[in-house]
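Thanks for coming, everyone. Please bring up the sequence and the model on your screens, and we'll walk through them together.

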Amino acid sequence: IMFEHFYIRKIDVDFKNFLKPWADKANLSFLEIGSGEGSSAIGIIKEILTDKSSTLTCLDNWDPIALNGAFEDDYETNFDNNTQPYIDQIVKVKSDSIIWLNNNQDKKFDFIYIDGDHSYEGCKSDLELSWNLLKEGCWMVADDYGFDGVGAAVVDFIESVKNDVFFVRTESQMWLQKA
């Protein structure tokens with residue numbers, strides 16, 4: 001099942017404004033934590049990572065979500081099917097984010113999009129571990145800022161890096177730029 005990619009929705013203006021300097025550039029490396037069915041990955045590639053040498057690392061555990069004892073759609077299969085046209089630019093990583101982020105602290109990214117675990121602990125870990133992977137002057141965005149766990153984790157994280165961050169809140173996201 002393919003949904004409209006997320007740029008078609010109301011957050012398109014924020015993404016295009018904040019990421020405009022990277023549009024069409026070569027050899028960019030973006031990281032997405034929490035890829036779901038691939039709609040944000042498709043939007044990022046179609047709108048920003050248009051140069052074929054740029055890549056998007058999609059990190060998700062793709063664990064099925066139980067709802068009333070039954071499992072939802074197979075998100076991983078949907079991700080694979082939806083992102084097939086962009087497979088040359090996607091580095092798919094099936095892993096728990098904490099494990100992968102801990103094991104890849106040597107990597108550097110031009111942009112990090114966090115839309116994974118929405119619990120306080122999970123989001124705070126993703127923020128802390130990702131911050132080391134973000135290049136200076138680049139943006140990291142925490143999606144679903146209105147969720148209790150996400151909002152509290154972002155506020156506490158900003159406090160811990162307050163001398164090294166510039167931040168902007170949009171309708172449903174917090175954008176953090178590494179100083």
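**Starting from one tryptophan**

Let's begin with tryptophan 22. Tryptophan 22 is buried, because its relative accessible area is 11%, and the cut-off for buried is under 20%. Keep in mind that this is a predicted model.

Where does tryptophan 22 sit in the chain? Find the loop between α1, residues 12-19, and β1, residues 29-33. Tryptophan 22 is in that loop.

Now, what does tryptophan 22 touch, once we set aside neighbours within four places in sequence? The contacts are Leu28, Phe30, Ile48, Asp110, Gly137, Cys138 and Trp139. Here is one distance for you. Glutamate 47 is 25 residues away from tryptophan 22 in sequence, and their C-alpha atoms are 9.9 Å apart in space.

**The sheet**

Next, the strands. Seven of them form an open sheet with mixed pairing. Read the order with me: β5-β2-β1-β6-β7-β9-β8. At the edges are β5 and β8, residues 165-169, and each of these pairs on one side only. From one strand to the next, the twist averages 15 degrees.

Look at β1 and β6. They run parallel, and four bridges join them. Which residue of β6 is the bridge partner of leucine 31? The partner is isoleucine 112.

Isoleucine 112 has further contacts, again leaving out neighbours within four places in sequence. Among them are Ile33, Ser130, Leu133 and Trp139.

**The core**

On to the largest nonpolar core. This core has 51 residues. Which ones touch the most other members? Phe30, Leu31, Phe111, Ile112, Leu127, Met140 and Leu176 do. You've already met Leu31 and Ile112 as bridge partners. Strand β7, residues 134-143, gives the largest share of the core, with six residues.

**Two helices on the sheet**

First helix: α2, residues 39-47. Is α2 mostly covered or mostly uncovered? Mostly covered, with seven of its nine residues buried. Those buried residues are Ser39, Ser40, Ala41, Ile42, Gly43, Ile44 and Ile45. They pack against β1, β2, α3, β5 and β6.

How does α2 lie? α2 goes across β1, β2, β5 and β6, and runs at about 170 degrees to β2.

Second helix: α6, residues 148-160. This helix also packs on the sheet, where α6 touches β7, β8 and β9. The direction of α6 makes about 20 degrees with that of β9.

That's the tour. Over to you for questions.

Key. Residues are numbered from 1 along each chain as its sequence is written. This is a predicted model: local features need pLDDT of at least 70, side-chain atom pairs count only at pLDDT 80 or more; totals for chains, interfaces and linings use all residues. Side-chain values use heavy atoms; hydrogens and water are left out. Helices (H or I, at least four residues) and strands (E, at least two) are DSSP runs, numbered from the N terminus. Buried means under 20% relative accessible area, exposed over 50%, partly exposed in between (1.4 Å probe, protein chains only). Contact means heavy atoms within 4.5 Å. A nonpolar core is a set of buried Ala, Val, Leu, Ile, Met, Phe, Trp, Tyr and Cys residues joined through side-chain atoms within 4.5 Å. Two strands pair if DSSP finds at least two bridges between them. Axes are lines fitted to C-alpha atoms, for helices over the stretch in contact, and angles run from 0 to 180 degrees between N-to-C directions.
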